[in-house]
Amino acid sequence: MGASRAGVGRLRPIYGSRASEVGRVVTERDTPAWVGADAFERQLDQVRAAAAGDEVGVFGPGSLTWRVDREAALFLGAGRALLLQLAHPWVAEAIAGHSRALADPIGRFHRTFGTTFALVFGTLDQAFAAARRLHRRHATIEGSLAATAGPFAAGSPYRANDVAALRWVWATLTETALLAHDLALTPLGPAERERYYAESLLLAAMFGLPRAALPPDWAAFTAYNEAMWASDTLTVGPAPRPGAGPLLSGGARPWLRAPRWFMALTAQTLPPRLREAYGLTLGEADRRRVRRVTALIRRTYPLVPRRLRHVGPYQEAQARLRGRGGPDLVTRTLNRLWIGRPRLSD
């Protein structure tokens, strides 16, 4: 997605050498940078050179990415990640104009996890095929903002393959994955966070993002997120706000309405400014509910059998590496839950 060319500049984080300088957001008035087909393929070439192997895929079973992303606990952050993405006017406008996500959040959940799990757990060919489908889909999404939102004027253009927008979506997925993991399991230490972040740069490359456009390390990445949360780049405008309720209530599938504790957890883990902008309430009763539920999750989640705790695409990848062919009944059932289809390879 792109930024305004008239009167409003593109916002880009600038990374300094000191922590206080990292993640500053400044305004540019140049032409928005976006990821074209040639640049995208160059990023895939770099991923191929660094990938674990053709059959194991980009990351492989020895990676921290597999260890974190296999956990069903990642669902705890699904609502938060999507609301953070929708707070960016370019993302919100693109979703409102080119997607049914606001009316069918479960469908978006399946599509998002289907693509992400293919990138993470698929063979190298499956990962690259998913990356190319995503890039081609994004290449068709462009337009102009219907109304002024934060620093972006009405009529200013956006593109789904804009570097700044892709970076923000990737950042929400990466940062929220660790937040959700740490809610249910022993939090990762500093060295593990650094390693997870280093691996996430390969995921960013499969979005088409060049290394130079990304924070160089975990500290810079943290500062970038905090700077974005505080900046008026994130503005809850007319496109996403009416959808915040349906996003947490199943949209067109009201029987899948999220429980109150999940809605409270989503509200509590959002930056306060954005929580208020979405009109999400978080009273003392909600905070107590979140404390009780998270304490229960931390006690019981590690005891859940791995056959149920680990997502279907991870189990499908493990079966593939053991030479057992396609996924069994349990894995196919879990796949339907996570990606809306029985096989990652379908």
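## Arginine 70, helix α7 and a pocket

Arginine 70 is placed in the loop between α2 (64–69) and α3 (78–86); helices are DSSP runs of H or I with at least four residues, numbered from the N terminus. This is a predicted model, in which local features need pLDDT of at least 70 and side-chain atom pairs count only at pLDDT 80 or more, while totals for chains, interfaces and linings use all residues. Residues are numbered from 1 along each chain as its sequence is written, and side-chain values use heavy atoms, with hydrogens and water left out.

Arginine 70 has 17% relative accessibility and therefore counts as buried (under 20% relative accessible area, with a 1.4 Å probe and protein chains only). The table lists polar contacts (pairs of N or O atoms within 3.5 Å, where one must be able to donate a hydrogen and the other to accept it; residues adjacent in sequence count only if both atoms are side-chain atoms).

| Side chain | Partner | Distance |
|---|---|---|
| arginine 70 | backbone oxygen of arginine 67 | 3.4 Å |
| arginine 70 | side chain of tyrosine 314 | 3.2 Å |
| aspartate 162 (oxygen) | backbone nitrogen of alanine 164 | 2.8 Å |

Through the last of these pairs, aspartate 162 caps the N-terminal end of α7. Helix α7 (residues 163–184) has 22 residues, which should span 32 Å at 1.5 Å a residue, and its end C-alpha atoms are indeed 32 Å apart; the expected span is 1.5 Å times one less than the number of residues. Because 20 of its 22 residues are buried, α7 is largely enclosed by the rest of the structure.

Helix α7 also supplies at least two residues of the lining of the second largest pocket, as do α4 (89–98), α5 (105–121) and α6 (124–139). A pocket is an open set of points on a 1 Å grid over the protein atoms alone, where a 1.4 Å probe fits, with protein on both sides within 12 Å along at least five of seven lines; lining residues have an atom within 4 Å of a point. The largest share of this lining, seven residues, comes from α5.

Technical notes. Buried means under 20% relative accessible area, exposed over 50%, partly exposed in between (1.4 Å probe, protein chains only).
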